[in-house]
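Trainee: Could you take me closely through one strand of this structure, including its neighbours and its surroundings? I should then like to see how that part fits into the chain as a whole.

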Amino acid sequence: MEHEKEQISVAQICKVIDLLDSAMNDCLYVLDMRNDYYYISPKALTRFSVPSNAFHHVVENHAKFVYPDDIDPLQEDLRQLIAGEKDFHNMEYRWKDIKGNPVWINCRGRLVKGEDGRASYMVGCINEIGVKPKADNLSGLLGEASLQALLEEMQGEELHGFFMRLGIDGFKEINEKHGVEFGDMILQKTAKCISECLEPGQRLYRIVADEFAILDLFGGFEKQASAQYRRIRRRIDSFIEEMHYDVMYTISAGILDFQNVEHYNYPDLMRLSEFALNEAKRNGRNCDYRFRQNDYAKFIRKRELAKDLRKAVYNDYEGFEAYLQPLFANDGRLYGAEALMRFESERWGLVSPVEFIPILEETGLIIPVGKWMLHEALEICGRLRRWIPDFRISVNVSYVQVIKSDILKEIVAAVEEHGLLPENIIIEITESGLLETDNRFTRLWSKLKENGIWIALDDFGTGYSNFHYLYELRPDIIKIDRSFTAKAMENDYEYTLLSLMSGMIHKLNLKFCVEGIETREEHSRVKELFPDYSQGFYFGKPCPYSQFVGQFITNK
């Protein structure tokens, strides 16, 4: 039998390889060991950095496209074949693609010997083992690779229709609670539910993990896609009912109307659809989101701003600055200032705190930046006390700092380091932050009071306004937010409410501060409420240290 195989010449095998080249995805090859000659399917030239699809000096030339770390193991395997120690080559190793990047392949080959028993040639097949499958056997659907191939085929064409990316909400919890086999069943049934809602001509794919995609190339619009999504959701609800509610789950969808998408190539489509699906999940899950370019632009800006903030922290807080806004007592005396964080980016310029502070909190960067801000504020307070010995600095603390750092230790250490008295610093936290931090906050609250540090409850009236906090926690200062102040200035009912609030706060022996006073008229009306402290643009806007000193200290 081996002798019959040898009667097939290497030249004939090369012709067969050429014949099959366009009919298969893998690459066939023949290695003529007696003539040190190698021939591979011509398509290899478009994928790998082979010098040619036909060459001599096999070992030397293989060194040009085999990944360096894998050359020695390959040569050892070839030595064993030539020496007759084995008859079959089956090895997983790396070749370099046309850009020089490593690509994992599986190379298999059958050795053919001559009449003399020596190795004559080896014929075999090379296939990539890192590529994505074109179909998914679990769901019975085409896979992401098939979607990619179709879109690349249609590159340059103007598409009419939509792309809907669907994701099961909380699928990880289903696997954890019921097991992987049950999760696989849910994937199969979900695929079936979606399939039953397809319109003629639409294509359904399973892309990654618990996500599916519907491709409509027949002119459907996003409104139709939303209606189809609702049908899918109802069908899944019916399936859950048929399961007697053994499992409860929902599905979200991100919808791209090709009219609203600038590029149709595969990477862009996957990137934008992932954003759309994530927006649907961020909006509460079990809903759909229709892609909008301006939303995506905001998302990109937020992501890039996060990079700038991280870079600024790494570069010794470059771009951050502590601004000061004056705090006045009811008798018109300057008693302190609130330290407010500002950030200027080389790319974006001066960025609003409303924009960058939530990013600091989401990324956790608020912890190092908050610590930096604390030391900046206390250092400034020490300088200003040369003019006003009892000057106080107010510093905002994020609920993230309370939850994820030893903020109490940092505050006490900073007060001592800057040579201040505990009563020189006021720690502010918002009412919503108080509720979110719960027990952690109350522990911090009591410890700060034990250390003689003043506490202000900021933005009171904007959130839950749970009055029992005033009695139970007894903050030193209650700060009324600008939005509440503005309503009171325009509405007698709101003004009466603010007046009653002032009386109640004073009855509890707490201090009352009104924020957001912007005009002389507002100041006059607020004074009738007998606040202990006032703050707002009428008195002065937040400004850098040097400007604050010039405006409120040396030139007053």
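Mentor: In this predicted model, strand β12 pairs with strand β13, residues 288-290, in the parallel sense over three bridges; two strands are said to pair if DSSP finds at least two bridges between them. Within this pairing, I255 of β12 stands opposite R290 of β13.

β12 has a further partner in strand β9, which covers residues 162-168. Here seven bridges join the strands, and β9 and β12 run antiparallel. One point of this pairing can be located exactly: R165 has G254 in β12 as its bridge partner. β12 is thus described by a parallel pairing with β13 and an antiparallel pairing with β9. The neighbouring residues G254 and I255 mark these two pairings, with G254 matched to R165 and I255 placed opposite R290.

Next, consider the side chains. In a regular strand they alternate between the two faces of the sheet. In β12, I251, A253, I255 and D257 point one way, while S252, G254 and L256 point the other way. Are the residues on these two sides buried or exposed? All of them are buried, which here means under 20% relative accessible area, against over 50% for exposed and in between for partly exposed (1.4 Å probe, protein chains only). Because seven of the seven residues of β12, residues 251-257, are buried, this strand is largely enclosed by the rest of the structure. The enclosed residues include D257 on one side and S252 on the other.

The chain around β12 can now be described. It has 21 helices and 22 strands, taken as DSSP runs numbered from the N terminus (helices H or I, at least four residues; strands E, at least two). Of its 556 residues, 48% count as buried. Along its principal axes, the C-alpha trace of the chain spans about 110 × 55 × 45 Å. Among contacts (heavy atoms within 4.5 Å) with a separation of 6 or more, 63% come from residues 24 or more positions apart.

Residues are numbered from 1 along each chain as its sequence is written, and side-chain values use heavy atoms, with hydrogens and water left out. In this predicted model, local features need pLDDT of at least 70 and side-chain atom pairs count only at pLDDT 80 or more, whereas totals for chains, interfaces and linings use all residues.
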